[in-house]
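Biologist: Please take one part of this model and go through it closely, strand by strand. After that, add whatever else can be said about the packing elsewhere.

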Amino acid sequence: MATTTLHASTPLTERVGALTTERLRGIRRGLEKESLRATPDAGLALTPHPAALGSALTHEHITTDFSESQLELITGVHADVDSCLAELREVHQYVYQVLREQGDEMMWVSSMPCGLPTDETIPIGRYGSSNVGRAKSVYRMGLGHRYGRRMQTISGIHYNWSMPGIDSEAYFGLIRNFRRHAFLPLVLFGASPAVCASFVQGREHALQPFGEHSMYLPHATSLRMGRLGYQSDAQSTLAVSYNSLEGYGASLQEALTKPYPAYEQVGIRNPGGDYNQLATSLLQIENEFYGTIRPKRVIRPGERPLHALRERGVEYIEVRLMDLDPFEPLGIAASTMRFLDVFLLHCLLSDSPPDTPEEIAALARNQHRVAARGREPGLVLEQDGRERVLTDWALQLVDECTPIAQAMDAALGGDGHMAALRAARAALQAPETLPSARVLEHATREHGSSFTRFALQHSLQTRAQLLALPFPAALRERFVAASTASIEAQKRIEASDTMPFDIYREEYLRPERLGLGLKRRGSGAAPQVLQAAAL
């Protein structure tokens with residue numbers, strides 16, 4: 001489909017009117033949901049990834065993220081919100097069936113972790129003996145050395161989104177606007193205002209005591225997205241521009257290839273010869289770059305993600321700032337997804353001037369302010385070098401989204417998108433109804449101001465609710481077959497390896513593999529030998 005060209009002088013309402021029903025119905029979305037496995041005493045489950053869930057290396061829908069104890073449940077690509085959630089629900093049901101059969105573990109419903117053991121006791125993900133499996137584990141070992149394992153146990157839900165007729169330039173315009181307006185979904189859907197005290201033990205922080213074994217900030221929305229979450233002093237030195245694919249790629253390439261002194265001190269291997277990390281560069285691989293949103297492309301076997309983007313352009317975007325909603329059994333509501341669809345369209349259709357280093361720095365300050373103080377009355381953010389009251393700005397954005405929501409409802413039927421906007425406006429005007437406020441209110445009223453007891457009760461309730469749903473024998477058989485097939489696929493990968501891991505690592509990380517026009521180097525490792533799923 002041809003890409004639609006929109007001029008800066010075109011009003012937003014006209015741009016919305018130019019969208020055809022076919023294109024609106026062509027929007028696709030998918031979910032990736034992380035959850036820790038927890039024990040009945042609200043501790044981290046230290047058992048291996050359950051064998052009945054299949055291979056974490058090759059299973060299409062059930063894998064692990066950083067930790068062996070951190071499940072990641074993945075849907076396919078869906079044309080509507082309801083079918084996407086229906087698939088996620090089925091995956092949850094099977095996981096809970098398996099967890100019930102092997103003991104009493106549950107999925108932790110909060111983004112901020114349950115009670116954690118000492119940092120070195122948190123198990124990193126294991127993916128078998130193949131080169132790609134070992135690389136995935138070494139990468140996670142590196143994350144532990146660089147940021148600490150506790151930080152990596154934070155969980156979230158990623159929203160993958162695409163629309164037909166959008167080229168890389170338009171996607172980068174969307175990304176720039178999303179970053180400018182990311183405070184809005186942080187306020188509306190942030191649900192991590194408190195943490196278990198074990199998470200910050202031994203760390204400097206500005207949190208306040210909150211009942212038994214808990215810490216919090218009274219107006220926080222998402223500690224996960226603040227200074228205690230996925231933040232990095234090293235990565236804060238990166239001023240990555242989103243003005244073009246070329247500039248974005250150049251910024252990432254430097255971070256992926258230039259040695260970073262602190263990580264050089266860690267070294268590739270420890271004195272015993274075991275690997276500490278994949279590389280000593282600022283980023284080991286592309287996935288290490290933290291951000292609220294990413295441009296993405298499905299990669300081919302053995303291909304580097306940055307090469308895929310440069311070679312074939314942006315295929316979809318990945319929204320990464322969404323907390324798990326502990327009040328929703330699947331971690332996200334249908335209304336939230338519909339709001340995101342409308343919001344992303346607003347980001348796509350609105351004027352998107354180039355970013356600057358000054359704006360990038362201001363956006364980082366806005367993010368930290370909203371994460372820690374987003375419900376504070378009268379809170380101001382930075383907009384174009386001036387101060388702007390958060391609620392005024394947020395309500396303006398919601399108003400601007402109205403014609404988009406109307407167009408989505410007209411194309412898809414019902415009034416779900418307008419209902420999502422109405423709910424957002426009501427929540428902004430009554431901040432005590434926001435998820436982050438409800439977490440604190442429920443924890444205070446029902447659990448003696450204990451975040452841990454609050455999250456444990458909701459985890460138990462969610463487990464009971466999902467186990468009570470019908471789960472037909474045919475559906476179970478399909479999941480069992482998928483798990484068995486994934487284990488066989490892992491065995492085939494392990495049997496087909498012909499290259500020592502040392503060479504595999506060096507070959508995968510060659511700077512030439514990040515650029516355009518990837519060529520086979522001599523008679524060495526061909527891309528297909530690199531068997532690489534995403535690390």
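Modeller: R29 stands opposite W161, a residue of strand β5. Bear in mind that the model is predicted. The pairing that brings R29 and W161 opposite each other is that of β1 with β5 (residues 157-162), which is antiparallel and runs over 6 bridges.

Strand β1 itself covers residues 28-38, and 10 of its 11 residues are buried, so the strand counts as mostly covered. In a regular strand, side chains alternate between the two faces of the sheet. β1 also pairs with strand β3 (residues 70-74), again in the antiparallel sense, over 5 bridges. In that pairing K33 is set opposite L73 of β3. A further antiparallel pairing joins β1 to strand β4 (residues 106-107) over 2 bridges. Here A38 has M106 of β4 as its bridge partner.

Away from β1, strands β11 (residues 380-383) and β12 (residues 386-389) form an antiparallel pair with 4 bridges. L381 faces R388 of β12 across this pair. The hairpin of β11 and β12 has 2 residues between the strands, and D384 has a positive phi near 55° there.

Turning to the helices, R180 belongs to helix α6, which spans residues 168-180. R180 has a relative accessible area of 10%, and because anything under 20% counts as buried, R180 is buried. The side chain of R180 makes a polar contact of 3.1 Å with the side chain of N177. A polar atom of the R180 side chain also lies 2.5 Å from the backbone oxygen of P353. Apart from neighbours within four places in sequence, R180 touches S352, P353, P354, D355, E359, L363 and W393.

The remaining item is a helix pair. Two packed helices are described by the angle between their axes and the distance between the axes. For helix α3 (residues 81-102) and helix α11 (residues 334-349), the axes come within 10 Å and cross at roughly 135°. An angle of that value makes α3 oblique to α11, because only angles over 145 degrees count as roughly antiparallel and those from 65 to 115 as roughly perpendicular. On the α3 side the contact is made by V81, D82, C84 and L85, and on the α11 side by A334, M337, R338 and D341. The crossing of α3 past α11 is right-handed.

Key
Residues numbered from 1 in each chain as written. Predicted model: local features only at pLDDT ≥ 70, side-chain atom pairs only at ≥ 80, totals over all residues. Heavy atoms only, no water. Pairing = 2+ DSSP bridges. Buried < 20%, exposed > 50% of the residue type's maximum accessible area, 1.4 Å probe, protein only. Polar contact = N/O pair within 3.5 Å; in protein donor to acceptor, adjacent residues only side chain to side chain. Contact = heavy atoms within 4.5 Å. Axes fitted to C-alpha atoms, helices over the stretch in contact; angles between N-to-C directions. Parallel < 35°, antiparallel > 145°, perpendicular 65-115°, else oblique. Left-handed = near helix turned anticlockwise from the far one by under 90°.
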